[in-house]
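Work through the following exercises with the sequence and the coordinates at hand. Each task is followed by a solution that goes step by step.

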Amino acid sequence: MALGATAALSAGVLAVGVGSLASAAPAPATAPATAHAAAAAKVAATGLDDPHKKDIAMQLVSSAENSSLDWKAQYKYIEDIGDGRGYTAGIIGFCSGTGDMLDLVQLYTDRKPGNVLARYLPALRNVNGTDSHSGLGSGFESAWRTAAADTAFQQAQNDERDRVYFNPSVQQAKADGLRALGQFAYYDAIVMHGPGDDKVSFGGIRRTALSKAKSPAQGGDEKAYINAFLDARKAAMKTEEAHSDTSRVDTEQRVFLNNGNFDLNPPLKWKVYGDSYTINQ
């Protein structure tokens, strides 16, 4: 589930052009630029921010978070899954204990004062950083489900998803020379672990992966690097009982990787928690 702290992600810079060469044999100094250009050319293929690919990404996340491909039905989702983060709710698991739910309700209230969730802002501030339901409870759960029918609240969820999770992870993946599959691996990780820099947050997972393999932007092999990232992701998942089932890596992302589906093109077949899913197009 999502961790809420918003932290700036370091972004690499890809060299996308290589000057004309003076001779048929490239000089040694051009090798890094050539590797960067090759990685950039791969990333120029349809990325996860393409609307259709983004919808696929949301279906994949929903299969793991909500056991359903109907991610748009999750605007109304809310429960405490017992992971120490209080309520988990909405399309990517905004949490009352980690700040991102507070940010979401504040955004919604800024855009639509007097909404049914606005009265819970003081309670959300008070429980931030804890798993407490104090001042929330069944009234808050009911208000959340009511708000979920409001297109303004749906848009606020979409916008906070993009600001905190989707855009930073996809931008970082592109800077690392990763195609759609690698971009999704980053996105799924940041949704669950949050965008922080500690060892079990997205930044720490990426740092561990880079210590084991070079990214494509550094001239490394894309499959080897994604495998290193998924290894680091699994290790982070196993530090929490609530996330100790690693099937979203083992029988989903690793399946696509072993099939060489770096562009995350349908048809896609995978399993999460033993349940089978298919996206045909």
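**Exercise 1.** Determine whether Phe-184 is buried or exposed, and describe its surroundings.

*Solution.* Phe-184 has a relative accessible area of 0% and is therefore buried, where buried means under 20%, exposed over 50% and partly exposed in between, with a 1.4 Å probe and protein chains only. The model is a predicted one, in which local features need pLDDT of at least 70 and side-chain atom pairs count only at pLDDT 80 or more, whereas totals for chains, interfaces and linings use all residues. Residues are numbered from 1 along each chain as its sequence is written, and side-chain values use heavy atoms, with hydrogens and water left out.

Next, place the residue: Phe-184 belongs to helix α7, helices being DSSP runs of H or I with at least four residues and strands runs of E with at least two, numbered from the N terminus. Then list its contacts (heavy atoms within 4.5 Å): leaving aside residues up to four places away in sequence, Phe-184 touches Leu-48, Ala-57, Leu-60, Val-61, Glu-252, Gln-253 and Leu-264. Finally, Gly-47 lies 137 residues from Phe-184 in sequence, but their C-alpha atoms are 9.4 Å apart in space.

**Exercise 2.** Describe how helix α2 packs against helix α10.

*Solution.* Two packed helices are described by the angle between their axes and the distance between the axes. Here the axes of α2 (residues 51-66) and α10 (residues 247-258) come within 11 Å and cross at roughly 165°, the axes being lines fitted to C-alpha atoms over the stretch in contact, with angles from 0 to 180 degrees between N-to-C directions. Helix α2 is therefore roughly antiparallel to α10, a term for angles over 145 degrees. From α2, Leu-60, Ser-63, Ala-64 and Glu-65 make the contact, and from α10, Arg-248, Glu-252 and Phe-256 do.

**Exercise 3.** Which residues of the loops carry a positive phi although they are not glycine?

*Solution.* Ser-67, with a phi of about 55°, sits in the loop between α2 and β1 (78-79), and at 45% relative accessibility Ser-67 counts as partly exposed. Tyr-273 likewise has a positive phi of about 55°; Tyr-273 lies in the loop between β4 and β5 (275-279) and is partly exposed, with a relative accessible area of 36%.

**Exercise 4.** Where does Pro-267 lie, and what is the peptide bond from Pro-266 to Pro-267?

*Solution.* Pro-267 is in the loop between α10 and β4 (268-272). The bond that joins Pro-266 to Pro-267 is cis, with omega near 0°.

Conventions: Angles under 35 degrees count as roughly parallel, over 145 as roughly antiparallel, 65 to 115 as roughly perpendicular and the rest as oblique.
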